[in-house]
Amino acid sequence: MPHPPYIELGLRSAFSFLEGASLPEDLVERAAELGHGTLVLADSNGVYGAARFHQAAKKHGLRALIGARVSLRGEEEPRRKSDPPPEAGQILLLARDRRGYRNLCRLLTRGHAPYPKPHCRVTQDDLREHAEGLFGIVRDPVLARSMYEIFERDLFVELWRHADPDEERQNRKLLATGIPPLATGDVRHARMQGKRLLDALTCLRHKTVLDQAGRLLLPNAERHLRTPRQMAERFRDLPQALHNTLEVAERCEFTLEDLDYHFPDFPLEPGETLASKLRALTEAGARERYGRIPVRARYQLEHELGIIHKLELEGYFLTVWDIVRECRARGILVQGRGSAANSLVCYALGITAIDPIRYELLFERFLSEERGECPDIDLDLPSGDRREEILQYIYTRYGPHGAGMTANVISYRPRSAVREMGKVLGLAPQQTDRLAKLLSHYEFVDADDQLERNLSAAGIHPGARRVSHLLELVKAVQHLPRHLGQHSGGMVIARGRLDEVVPLEPARMPGRAVIQWDKDDCCDLGIIKIDLLGLGMMAVLEEVIPLVKERDGVELDLARIPPDDPETYRGLQRADTIGVFQVESRAQMATLPRMRPRCFYDLVIEVAIIRPGPIMGDMVQPYLKRRAGREPVVYPHPDLEPILRRTLGVPLFQEQLLRIAMEIAGFSGGEAEELRRAMGFKRSVERMGAIEEKLRKGMSRRAIAQHVQDEITKQIKSFALYGFPESHAASFALLVYASAYIRTHHHACFLTAMLNQYPLGFYSPATLVKDAQRHGVWVRPIDVQASGWRCRIESDGAVRLGLRYVDGLREAAALRIAAEAPFESVADLAHRSGLHRDELERLAETGACARLGLERREALWQVAALQGGLLSGAGSREPSPLRKMNALERTLADYRGTGLTTGPHLMSHLRAELRRRNVLAARDLKKIPDGHWVRTAGIVIVRQRPMTAKGFLFMTLEDETGTSNAVVTPDLFQKNRALLQTAGLLLIEGPLQSQDGVIHVRGRRFHRLDLNPADDLPPSRDFH
């Protein structure tokens, strides 16, 4: 094969963040079409897209080299301390060998370290220190001279030709330096059409609009990929510039195939090996779990330890064990979950709490030789400070350059795309904001959700020329990376320096570093990640367990909560689950009365069944009908009965999918896991098709009938991506039962912990408080004489709300209030607590000064007198001339100032009028026969429109008696969309549907209640 006349060394992707307009995969795909064989991705100040670029290049048979354009620090000082120093140009650096790649990563790490995201600046001294193994390529003739002192023969000047006279003048200056020239296309987008999007991104980068951008925009659309022959023709008068692209590419030996990553060594005693240490700990743990280890468990342990040893992963398991041990030594609640719960080794080590032997969980779902991938162990920790304590332990143990959080690529979605592209086009912010709010978020999208359909509703003329540009740009920018965030818990550690494997950046949170790749990149490159996930319910349990012991004298922990408690299961069967982990959503609450869980495994199924996979695979209704005895239990094939018996012939778990493939098509465990991954692999139709063909061939060898093959294949395809692992469901079910048990028997303690750990869960504090009050919990309001910062239980068992719920009150000020109480007057409160005026006013308005003997407006009067202004002449002891708040005003003031109320529910103030209009309270709906036309009303607390529901809207309303549910068909949702998405108080009428204890109103007519202080109401949970 002849040598190409030119190699492209200057690609920038969308991971240059506003400097490129194509994904790495699209650049590679286009390059392959045009006949390129080798490419360099050189994004600005990072290797963010390098892993995806590398994987795409492998798929297309291209060679992917690594580089980055690095910003140099200018001599001038920044105008503000928070700003980075001015940029003094960029240098394109290419990794020649492994040493060069390490230096590039360390250089980028150093450049990011002193500055806020996303800025990066390196000095010439930094470059000099890290120049070994790197090619330097510059576009500035002045900079070229100083860079030559550092790179010498490894420096080139970069020549561009984009039909621009200014570029040619710059090229002549660069050639005059005598430094070898090198041609690049400075590619910013895969195809010519990408120029429009690049212009829009350029405007965002410079905070301007297209009408005013002028020379900030590139003068033409020339920065797209061309064939090597076309590029050679452009530079035919400069053969040396073309030859140097070949020479540089040939001398660049490093690709990400050569990434030198190693997991850290685990410290051992003399005479120990990693294998002997892991075996000893596993044996001891298994004896503690079982007493005498059963034969089946012994066999499984040997099987797992053998695979772990073959894959040289002992150090990984020991490291995770060490983290769990450290958590328990610090009294931090920890539980492993995810596919790790399939491992008996993890169970024996105390990493997970679910016995995989008892629940017949498949180890190959977690780890197998065929997969050739690192395992993935998730550890659930309490969210907040306790989790941060363990993260900092890891940073301390492995050093500031030895550990980092994985990144999370935040991509453009419809709403962010509309807002930012609308801004670039100069559309009024009110228009784009209204349009963005009308678009779907994480909910169902149908034809009526298309942008064009919503333009008129947002006051934008669909036929306007500028609007047609908006439509085009929004479509083009979606799914491009917008910025880099931080993964919720993924942490990577390395032997030696992690910043020689991937650059590190400082996170916005102090004391944390983030790598430049996400979890999928790490998995593709064999980088082992440990997930330390903050779970709100873990924080609740960590607080509530000692509280139950202190207040109720009962000692609990996750392993010793009384099992099979009848009262707990009765509450679950009634869907009395507000605040209970995982089963408090509308869909779960609609399923519980039909499931009627009676044992722990029922909860495992309950957790897993309301997921996109079983729903999309049409598996929920068959299971519920079979459970209720309305449909016979049948199996697609007799050989599947042992696999599907516990789920009544209906596959609900990923592990069942794997077992089906192994049993019915002869797959090995690794091949079955490959099937699961292939079915869920978003960008590879070919990969999915190949595995499906293999599955059908295996079934044909077993003489499985064609219609059975079709049924099995449909089920697998329906939920391979979204199906829930049984191991994961079992881990979550443990938290479901624990939270339900504690809520049932220790509701005041449960409420206190929930309020202190908020935000978490599905419902607002206002709903949690009202639910607890309906269950007999006495909740007392915020009081400057008695409240601390956090909520607490008082000596008589009542829950006292904490000052943390006063909107706008500083924590430091609240702590002073708690320390200085009691107070004699508002003046005494103001003097000793050092409160700001707005804080005093908010305390007065919400009734927190009631025990000072003051009605709310009296307290506000005294605050105004203390602070001066219009009432400065009024003495603080002078009676207030203001009318006292009535009951409704007090409730609204509570919502406005604290987001909740311990007094009457807002709907109780409207009940008399609602009765006159024949509007039923939530609890009265239970008395109405199925099919009768009803009216009900309440505060809207939940709106959901899941993608699995084909456009139906589900709403939950709350009144003083409880909650009610409504279902709205797609056509009625579109007809009443603005009202249904914005109303805070809503009246709904339609026929009642009551089946198996599940009640909802099929909404036909909708009315905004006259009293609709939406800004004062607790926020609803919308479309999550």
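**Exercise 1. Identify the residue of strand 24 that stands opposite Arg943, and place this pair among the partners of strand 18 in the predicted model.**

Solution. Arg943 faces Asp1022, a residue of strand 24. The next step is to see how the two strands are related: strand 18 and strand 24 (residues 1021-1022) run parallel and are joined by 2 bridges. Arg943 also has a bridge partner in strand 19, namely Met955. Strand 19 (residues 953-959) is antiparallel to strand 18, with 5 bridges between them. Within this pairing, Val942 is matched with Thr956 of strand 19. A further partner is strand 21 (residues 985-995), which pairs with strand 18 in the antiparallel sense over 7 bridges. There, Leu985 of strand 21 is the bridge partner of Ile939.

**Exercise 2. Determine how many residues of strand 18 are buried, and state what follows for its surroundings.**

Solution. Strand 18 covers residues 933-944, and 10 of its 12 residues are buried. The cut-off needed here is a relative accessible area under 20%. Strand 18 is therefore largely enclosed by the rest of the structure.

**Exercise 3. Describe the burial of strand 19 and its link to strand 20.**

Solution. Begin with the count: 7 of the 7 residues of strand 19 are buried, so this strand too is largely enclosed by the rest of the structure. Next, separate its two faces. Leu953, Met955, Leu957 and Asp959 point one way, Phe954, Thr956 and Glu958 point the other way, and all are buried. Finally, consider the neighbour that follows. A hairpin of 2 residues connects strand 19 to strand 20. Strand 20 (residues 962-968) runs antiparallel to strand 19, and 7 bridges join the two. One of the pairs across them is Thr956 with Asn965 of strand 20.

**Exercise 4. Give the strand order of the open sheet of 7 strands, and find which strands stand at its edges.**

Solution. The order is 8-9-14-11-10-13-12, and the pairing is mixed. Strand 8 (335-337) and strand 12 (504-506) each have a single partner strand and stand at the edges, so one side of each lacks a neighbour in the sheet. From one strand to the next, the twist averages 45°. At the edge formed by strand 12, the pairing is with strand 13 (residues 513-518), which runs antiparallel to strand 12 and is joined to it by 3 bridges. Leu504 has Ile515 of strand 13 as its bridge partner.

**Exercise 5. Classify the packing of helix 21 against helix 33, and then that of helix 23 against helix 26.**

Solution. For the first pair, helix 21 (residues 536-552) packs on helix 33 (residues 747-757) at an angle of about 140°, and their axes are 8 Å apart. This makes helix 21 oblique to helix 33. The crossing of the two is right-handed. Among the residues that meet are Val540, Val544 and Leu547 of helix 21 and Phe750, Ala753 and Met754 of helix 33.

For the second pair, helix 23 (residues 586-595) and helix 26 (residues 620-627) pack at about 30°, with axes 10 Å apart. Because angles under 35 degrees count as roughly parallel, helix 23 and helix 26 are placed in that class. Thr591, Arg594 and Met595 of helix 23 make the contact with Gln621, Tyr623, Leu624 and Arg627 of helix 26.

**Exercise 6. Locate the largest nonpolar core, and name the residues with the most contacts inside it.**

Solution. This core has 115 residues, and Leu541, Leu803 and Leu843 have the most contacts inside it. Helix 32 (residues 726-745) contributes the most, with 12 residues. Apart from this core lies another, of 113 residues, including Ala51, Ala286, Phe363 and Ala513. To see the surroundings of Leu843, set aside its neighbours within four places in sequence: Leu843 is then in contact with Val784, Leu803, Val806, Leu809, Ile817, Leu835, Ala848 and Cys849.

**Exercise 7. Is Leu854 buried or exposed, and where is this residue found?**

Solution. Leu854 has 16% relative accessibility and so counts as buried. Its position is in the loop between helix 37 (837-845) and helix 38 (856-867). Beyond its neighbours within four places in sequence, Leu854 is in contact with Val826, Cys849, Ala859 and Gln862. With respect to Arg551, which is 303 residues away along the chain, the C-alpha separation of Leu854 is 32 Å.

Note on methods
Residues are numbered from 1 along each chain as its sequence is written. This is a predicted model: local features need pLDDT of at least 70, side-chain atom pairs count only at pLDDT 80 or more; totals for chains, interfaces and linings use all residues. Side-chain values use heavy atoms; hydrogens and water are left out. A nonpolar core is a set of buried Ala, Val, Leu, Ile, Met, Phe, Trp, Tyr and Cys residues joined through side-chain atoms within 4.5 Å. Buried means under 20% relative accessible area, exposed over 50%, partly exposed in between (1.4 Å probe, protein chains only). Helices (H or I, at least four residues) and strands (E, at least two) are DSSP runs, numbered from the N terminus. Contact means heavy atoms within 4.5 Å. Two strands pair if DSSP finds at least two bridges between them. Axes are lines fitted to C-alpha atoms, for helices over the stretch in contact, and angles run from 0 to 180 degrees between N-to-C directions. Angles under 35 degrees count as roughly parallel, over 145 as roughly antiparallel, 65 to 115 as roughly perpendicular and the rest as oblique. A crossing is left-handed if the near helix is turned anticlockwise from the far one by less than a right angle, and right-handed if clockwise.
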